[in-house]
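Please look through the following structure slowly, with the sequence beside it. The report below takes up its cysteines, its overall build and a few single residues in turn.

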Amino acid sequence: MAEDIKTKLERYKTAPFDSRFPNQNQTKNCWQNYLDFHRCEKAMAAKGADAAPCQWYYRVYKSICPTAWVS
């Protein structure tokens, strides 16, 4: 499974379509991926596991959110 995640991250170009947010306004999508990233990091740190899978959420929210919000 870790190889599958690494492969997906290597081929990553932009955020895929998320059917929870079908509208043009992607603000909620940005916020949800931001929360998912931080929740994932917190959960992985609590388990003592590698946080590499969390990078997917990081890259998605960096792609969707406006630059001024992320920096």
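## The first cysteine pair

In this predicted model, Cys30 and Cys65 are both buried, and the two residues form a disulfide in which the sulfur atoms lie 1.8 Å apart. Cys30 belongs to helix α2, which covers residues 27–47, while Cys65 sits in the loop between α3 (55–64) and α4 (67–70), so the link ties together parts of the chain that are 35 residues apart in sequence. The angle about the S-S bond of Cys30 and Cys65 is 110°, and the link is right-handed.

## The second cysteine pair

A search of the whole structure finds two disulfides, and the other one is formed by Cys40 and Cys54, with sulfur atoms 2.0 Å apart. Here Cys40 lies in helix α2 and Cys54 in the loop between α2 and α3, so this pair ties together parts that are 14 residues apart in sequence. Cys40 and Cys54 are buried as well.

Which hand does the disulfide of Cys40 and Cys54 have? The torsion about its S-S bond is about -80°, and the disulfide is therefore left-handed. When the bonded cysteines are counted along the chain, the disulfides follow the pattern 1-4, 2-3.

## Helices and overall build

The secondary structure of the chain consists of four helices and zero strands, which gives the pattern α-α-α-α when it is read along the sequence. Taken along the principal axes, the box filled by the C-alpha atoms is roughly 35 × 25 × 25 Å. Of the contacts between residues at least 6 apart in sequence, 58% join residues that are at least 24 apart.

## Surface and charge

How much of the chain is buried? Buried residues make up 21% of the 71 residues. The chain exposes about 5,600 Å², and carbon and sulfur atoms supply 54% of that area. The chain carries 11 positive and 7 negative charges, and the mean positions of these two groups are 6 Å apart.

## Two single residues

Asn33 is found in helix α2, and with a relative accessibility of 5% this residue counts as buried, because the cut-off for that word is under 20%. If residues up to four places away in sequence are not counted, Asn33 touches Tyr57, Val60, Tyr61 and Ile64.

Ala52, by contrast, lies in the loop between α2 and α3. Its relative accessible area is 30%, and Ala52 is therefore partly exposed, a term used for values between 20% and 50%. Measuring from C-alpha to C-alpha, Ala52 and Thr14 are 18 Å apart in space, and they are 38 residues apart in sequence.

## Confidence in the model

The chain averages a pLDDT of 88, and 92% of the residues score at least 70. Where in the chain is confidence lowest, and where is it highest? The lowest mean, 71, belongs to helix α1 (residues 2–11), whereas α2 has the highest, at 95. Where pLDDT is low, the predicted coordinates should not be read in detail. A careful reader can keep in mind that helix α2, with its mean of 95, is also the helix that holds Cys30, Cys40 and Asn33.

Conventions:
Residues are numbered from 1 along each chain as its sequence is written. This is a predicted model: local features need pLDDT of at least 70, side-chain atom pairs count only at pLDDT 80 or more; totals for chains, interfaces and linings use all residues. Side-chain values use heavy atoms; hydrogens and water are left out. A disulfide is a pair of cysteine sulfur atoms within 2.5 Å. Helices (H or I, at least four residues) and strands (E, at least two) are DSSP runs, numbered from the N terminus. Buried means under 20% relative accessible area, exposed over 50%, partly exposed in between (1.4 Å probe, protein chains only). Contact means heavy atoms within 4.5 Å. Accessible areas come from the Shrake-Rupley method with a 1.4 Å probe; for residues, only the protein chains shown count as cover. Lys and Arg count as positive and Asp and Glu as negative; His and the chain ends are not counted. The place of a charge is taken as NZ of Lys, CZ of Arg, CG of Asp or CD of Glu. pLDDT is the predictor's confidence in each residue, from 0 to 100.
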